[in-house]
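Trainee: Got a minute to go through this one with me? I'd like to start with the metal and work outwards.

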Amino acid sequence: MTTLMNYAHRGASGNYPENTMIAFEQAIKLGATGIETDVQMTKDGSLVLIHDELLKRTTGVNALVADIRSDELLQLDAGSWFSPAFKDERIPTLEQLLDLAKRTQTFLNIELKNGIVPYPGMEQKVIETVRAYRMEDQVILSSFNHYSLIECNRLAPDIPTGILYMEGLYRPWKYALSIGATALHASHYAVLPDWVAEAAGHGVIYNVFTVNEPAEMIRLIQAGVAGIITDYPDRLTAVLSKL
Ligand code: G3P
Ligand code: MG
C-alpha cells in the first residue's frame, strides 16, 4: 500500500469545470485524497477559487477578479464555458471548499494565485480562514510567488508550504528549506528520482503537477514523490490500485 496523495488539480478538472463545487465533489468520488485549488481576492476582500486573474475564460466577463465585488462575482456562471450541462456552477468561496474538505476529511493544497496580481493581505486572510475551520493540519499552502510563502511561514509556521516552480532549479530542497518550505511543487518535467531521494534526505517532499498520463504517474510513484496533482484523479486511483 502506498500513501501517495492523489490531488485533484482544480478538482476533477478533466471532466468537470475547474474550480467549481461539482469538480471538487466529483474528485472525492473518483478517489482523490486531496484537492488543489487556486485562491484570489475580490475587490471587497473575499477569498474566491479561480485560476485566471481575468474572469473572461471561465465566465465570459471581461474583468479582473481584483476589480469586481464578491456579490457580483458569485453570481457568474462558471460552468457553461465547459458544457451547458454545468450552467448552474458558480465560483466557490474558500469557505465552501473548507467545509467540504472538513466533512469528507480531504486534504487541501491551497495555491495562492498571487504571482501576477499581488493581493496584499491575502496570506493573512487565507490563514485566518483555515484557522477558523481548524484545518491547519489538513492544508498545504503553495505559490509561484515565493515572497508570499515567506509571509505565510512568518504568519503561520505550523502550516506547511510548498514552492511552486517550472524550471530545473539547482538543489531546490536547499532553497525550499532556506525560505521555510518543506515541499517542492514542481512541474513533472523537473523531477528525477535522484533528486526526490536527496530531497527526502533533507526532509523535503515532492508534490508534482500536472500529471495526466498513467505512464508518467508510474514513473513518479517509483521515483518516490509524496503527491501527484492531476486533472484525472480517477486515472491515478486506477494506477494506484494496480500497484
Ligand atoms: O499547484 C499546481 C498547479 O496548479 C500550478 O499551476 O497554473 O495550474 O495553477 P496552475
Ligand atoms: Mg493551481
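**Metal, pocket and salt bridges**

Trainee: Before I get carried away, what kind of model is this?
Mentor: It's a predicted model, so keep that in mind throughout.

Trainee: OK. Which protein donors hold the magnesium ion (ligand 2)?
Mentor: Glu36 and Glu111 through OE, plus Asp38 through OD, lying 1.9 to 2.1 Å from the ion. Along the chain, the spacing of these donors reads E-x1-D-x72-E.

Trainee: Is Glu36 buried or exposed? And what about Asp38, buried or exposed?
Mentor: Glu36 is buried, at 4% relative accessible area. Asp38 is buried too, at 1%.

Trainee: What does Asp38 form with Lys113?
Mentor: A salt bridge, with the closest N and O atoms 4.0 Å apart. Asp38 sits in strand S2 and Lys113 in the loop between S4 and helix H5 (122-132), so the pair ties together parts that are 75 residues apart in sequence. Lys113 is buried, as is Asp38.

Trainee: Switching to pockets. Which residues lie nearest the centre of the largest pocket?
Mentor: Arg10, His51, Glu111, Lys113 and Phe144, out of 21 lining residues. Glu111 is also one of the magnesium donors. The space in the pocket is about 280 Å³.

Trainee: Which strands supply at least two residues of that lining?
Mentor: S2 (34-41), S4 (107-112) and S5 (139-143) each do. S4 gives the largest share, three residues.

Trainee: And how does the lining split by class?
Mentor: Six nonpolar, nine polar and six charged residues.

Trainee: Back to Arg10, then. Which side chain does Arg10 meet in a salt bridge?
Mentor: Glu18, at 3.1 Å from N to O. Arg10 counts as buried at 15% relative accessibility, and Glu18 is buried at 11%. Salt bridges with shared partners also link Arg10 and Glu18 with Asp52 and Arg57 in one network.

Trainee: How many salt bridges does the structure hold?
Mentor: 13. Another one joins the side chains of Arg131 and Glu136, at 3.2 Å from N to O. Arg131 is partly exposed, with a relative accessible area of 29%.

Trainee: Last topic, helix H1. Which of its residues are buried?
Mentor: In H1 (residues 21-29), that's Met21, Ala23, Phe24, Gln26 and Ala27.

Trainee: What covers those?
Mentor: The cover includes strands S1 (5-9), S2 and S3 (47-49), along with helices H4 (94-104) and H10 (233-241).

Trainee: Which residue with a positive phi follows H1?
Mentor: Gly31, with phi near 105°.

Note on methods. Residues numbered from 1 in each chain as written. Chains lettered and ligands numbered in written order. Predicted model: local features only at pLDDT ≥ 70, side-chain atom pairs only at ≥ 80, totals over all residues. Heavy atoms only, no water. Donors = N, O, S within 2.8 Å, 3.2 Å for Na, K, Ca; no water. Buried < 20%, exposed > 50% of the residue type's maximum accessible area, 1.4 Å probe, protein only. 1 Å grid on protein atoms, 1.4 Å probe; cavity = no way out; pocket = protein on both sides within 12 Å on 5 of 7 lines; lining within 4 Å. Points joined across faces, edges and corners; volume = space filled by probe spheres on them. Helix = DSSP H or I, 4+ residues; strand = E, 2+ residues; numbered from the N terminus. Nonpolar A, V, L, I, M, F, W, Y, C, P; charged D, E, K, R; others polar. Contact = heavy atoms within 4.5 Å.
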